[in-house]
Amino acid sequence: MSVAAFVTIAFMFAMYVMLDGYDLGVATIGALIARCERDRSAVMASIGPFWNGNEVWLIAAAAALFALFPAAYAAAFSGFYLPFIVALWLLMLRGIAVELREHFPSEVWHQFWDAAFAGSSALLIFVFGIALGNLLRGVPLDAFGYFEGTFAFLLNPYALLVGVFALATLAQHGAAFAAIRLDGELGLRAARMLRALWWAVLVLYLAVTAATYAVHGGLEGWLLVLPLLSLAALAGVWWGARSQRPKRTFAMSLAFLATLLTAAAGTLFPYLLPAFPPGRGGISIFSAAPSAVALTCALSVTLGGIVIVGIYTPFVWRRMGGKLRAE
Amino acid sequence: MLVDRLQFAFTIMFHYLFPIGTMGLAPFVAAYTWKAARRRDEESARIATFWTKIFAINFAAGVVTGIPMEFQFGTNWAAFSRIAGSVVGQPLAMEGMFAFFLESVFLGALLYRGRGLPSTFAAWAGVMVCVGAWLSGFFIVATNAWMQHPVGYRIAADGTILLENIWRVLFSPFSYWQFAHVLCGALLAGGFIVAGVGAYYLLSRRDEAIGRRFVRAGTLVAFAFALIAVFPTGDRNGRIVTQYQPVKLAAEEGLFTTEREAPLAIIGMPDVARRRLIDPIFVPDFLSFLSYGNYKANVNGLDAYARELWPPVELTYYAYHIMVGLGTIFAAAATVAVMLLAFGRLWSARWMLWILMLLVPFPFIANEAGWVATEVGRQPWIVYGLMKTAAGSSPTVPSGETIFTLIGFAGMYFLLGFLFLHLTLREIGLGPSREKPA
């Protein structure tokens, strides 16, 4: 049961990265591919109907963590107090920027909100990347599982490397999405951006994989297949971009993220918050496990919810999707 | 600890301004979009677009201020989360899975529906947004209701509270009566907003046909829910507080001494040191009647309980009296407006239109005051009878850090509040007639 709960939460966070990842990525590269006011409006409109639903995955995943592993939720959120609050502010700034932009009648303020949107989105990706890096590396924990390190500890080279890798990967992901949604010259620019970013992603991927082996000792058993799958998906992104099939490129980019996150979850398992240095234990799914009743309830809620959301979201999106025509 | 309380109070009170608007305006958005999709006339389409825009600004502010609420359980109230998370996390997870997704996905569909008259699909999207907003409210109130009246749990050997029965948690009398009352509060606010905007157009002698539609729809909704807010939902909330939280009742009513034939204080100022009300105006025996349906019933005063179990009396008392007083004014004003409407006199009664316009902010005050009475009245407990608030905060977060984030939130919310007011007033100033029918 605890294993099922772990898988569910990992799945929800992965959904968050794969879905909100593309709108964060579009925001990051938006400033680079847009040349005029009309371009910038089109970039915003390309993710306008989707970003909020995507962000709910984060909220729902956090709530599921709260319900399934309250001890881990309490330790992680209060332990990393400042980084969490800063991430919150960035999320808020981003939401304000994207939702209120269109209500301002002036181009000057549009530019301001576009910059705020791009800046907060890029920074968010970086912060989440650093968080993931630290999660994989482990953090110093006291006897109750509360974080006892410093802010500076979190900014270690490995975590920063993962942060940069996250930025490149999601920028590429966003470019792949933009290439589907945007028409004409703007879409072509997104595709060119994608091919440029691809090389950065490849180099960083190899670096991060090597560093993870050094820091963590690497994957075992069947999980060893995952890096190969990641490479295959990354090759698929290149192939899709070369043959100018934006939908296939985006699907490959999704697959790339999925394999990466599965590998990350596999590295983490059975810990929710491993201790640093490795081997000192940490908060595992067994030490943080709630009662069987709570587990059953939260699992049925999240799984049932995922099924329901999985039914209506694609239905709505199909009606909203497709190319945006220049207006 | 004090800073944690201040931060939670500040962020939740600011946040709650927006759910009142979303829960109260969502049915109007849905209804106007339906009408436009059915009748296929441009005026209805303009009205639908107008309210959808105002709703969207409100929704955005609600979303961005809502995310910190969920995170704060973990960041500032880690001890509470660890001990009670097994129960409290459940309705929050349900809110995410069953309500947030619905609201966000369909609002996206409603906002970006493209040009032309709204389709039936857009109308359904409006209904779904409304369902999502209300469901979200239900799960949050259910979470709160459990903290008011914990049920369906057991306590483990290590002191953590474990879930036993989720249905009892979701459907305790506190949860459905509180939710019904909260929803009435939001709907009467929505009604007064729509009526107030209409009154503003009529008073400015512009968009008069649309203004009449707004005033008519708004006053009818406000009238219905102002009455339901008093009876049965307000009455039933009073009864369950009497039954399960008698100290809170005593503090709300300013009843310091236990009495048979207890009087109801309409006004008066609590003097806690001397344990009496200053300058009160009483309705004899009426508190006994309201609490137990019997003029002779015995009502426990604050003196029946240990001093350390009293909530902060002044705050609870004033917040409760503000809510009840404003609620009475709303019921009276809405009744007069509906009478004038029924006799066809409302359009020439400019004084009533002035009242309707100026009333708009007050339902927000009443809603907030109601929550202050509920939450402050629950003190010193974070989970009533089980866990003290003082034991709930995060052991590893020093107050210096919380002061910093409180300042940050204050700055962020000041900016957001300013933007919200500016943009909403701008939309109202532009008015529906300037909307493209798209």
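# A tour of two chains

Start with Arg40(B), which counts as exposed because 11 other C-beta atoms lie within 10 Å, and the cut-off for exposed is 12 or fewer. The model on screen is predicted. Arg40(B) sits in the loop between α1 and α2 of chain B. Its phi is near 55 degrees, which is a positive value in a residue other than glycine.

**Chain B, the two domains**

Colour chain B by domain: domain 1 covers 1–6 + 19–169 + 398–431, and domain 2 covers 172–396. Their C-alpha centres are 22 Å apart. Next, select the residues at the boundary: 34 residues of domain 1 of chain B are in contact with 34 residues of domain 2 of chain B. On the domain 1 side, the elements giving two or more residues are α1 (2–39), α2 (42–75), α3 (78–111), α4 (120–148) and α5 (166–170) of chain B. Which of these gives the most to that side? It is α4(B), with 8 residues. Colouring the domain 1 side by class shows 24 nonpolar, 7 polar and 3 charged residues.

**Chain B, helix α6**

Select residues 173–203 of chain B, which form helix α6. The helix has 31 residues, and the distance from its first C-alpha to its last is 44 Å, close to the 45 Å expected at 1.5 Å a residue. Of the 31 residues of α6(B), 27 are buried, so the helix is largely enclosed by the rest of the structure. Step just past the end of α6(B) to Arg205(B), where phi is positive, at about 50 degrees.

**Chain B, two cis peptide bonds**

Go to Pro232(B), which has its place in helix α7 (residues 208–244) of chain B. The peptide bond joining Phe231(B) and Pro232(B) is cis, with omega about 10 degrees. Then select Gln379(B) and Pro380(B), also joined by a cis peptide bond; here omega is about 5 degrees. Where is Pro380(B)? It lies in the loop between α12 (362–376) and β7 (381–383) of chain B.

**Chain B, a hairpin and the loop after it**

Show strands β4 (residues 264–271) and β5 (residues 276–283) of chain B as sticks; they run antiparallel and are joined by 6 bridges. To check the register, pick Leu264(B), whose bridge partner in β5(B) is Val283(B). The hairpin has 4 residues between the strands, and Arg275(B) takes a positive phi near 55 degrees there.

Continue to Asp285(B), in the loop between β5 and α9 (286–292) of chain B. This residue also has a positive phi without being glycine, near 65 degrees. Is Asp285(B) buried, exposed or partly exposed? It is partly exposed, because 18 other C-beta atoms lie within 10 Å, and a buried residue needs 20 or more.

**Between the chains**

Now show both chains and select the contacts between them: 49 residues of chain A are in contact with 52 residues of chain B. On the chain A side, α3 (51–68), α4 (70–79), α5 (81–100) and α12 (292–320) each supply at least two residues. The largest share of that side, 13 residues, comes from α12(A). By class, the residues on the chain A side divide into 36 nonpolar, 11 polar and 2 charged.

Pick out Leu82(A), in helix α5 of chain A. Leaving aside neighbours within four places in sequence, Leu82(A) is in contact with Phe151(A) and Glu401(B). With 14 C-beta neighbours inside 10 Å, Leu82(A) counts as partly exposed. For a distance check, draw a line from the C-alpha of Leu82(A) to that of Gly187(A): the two residues are 105 residues apart along the chain, and the atoms are separated by 38 Å.

**Chain A, helix α10**

Finish at helix α10 (residues 225–242) of chain A. At 1.5 Å a residue its 18 residues should span 26 Å, and the end C-alpha atoms are indeed 26 Å apart. Its buried residues are Ser230(A), Leu234(A), Val237(A), Gly240(A) and Ala241(A). Look down the axis of α10(A): these buried residues fall within an arc of 120 degrees, so they line one face of the helix. An α-helix has 3.6 residues a turn, so residues three or four places apart point the same way. The buried residues of α10(A) pack against α9 (184–216) and α11 (246–268) of chain A. Turn to the face away from the buried side to find the exposed residues Leu228(A) and Arg242(A). The last stop is Gln244(A), just after α10(A), with a positive phi of about 55 degrees.

Methods. Residues numbered from 1 in each chain as written. Chains lettered and ligands numbered in written order. Predicted model: local features only at pLDDT ≥ 70, side-chain atom pairs only at ≥ 80, totals over all residues. Expected span 1.5 Å × (residues − 1). Arc of directions from axis to C-beta. Contact = placed C-beta atoms within 7 Å. Domains from an automatic or database assignment. Nonpolar A, V, L, I, M, F, W, Y, C, P; charged D, E, K, R; others polar. Pairing = 2+ DSSP bridges.
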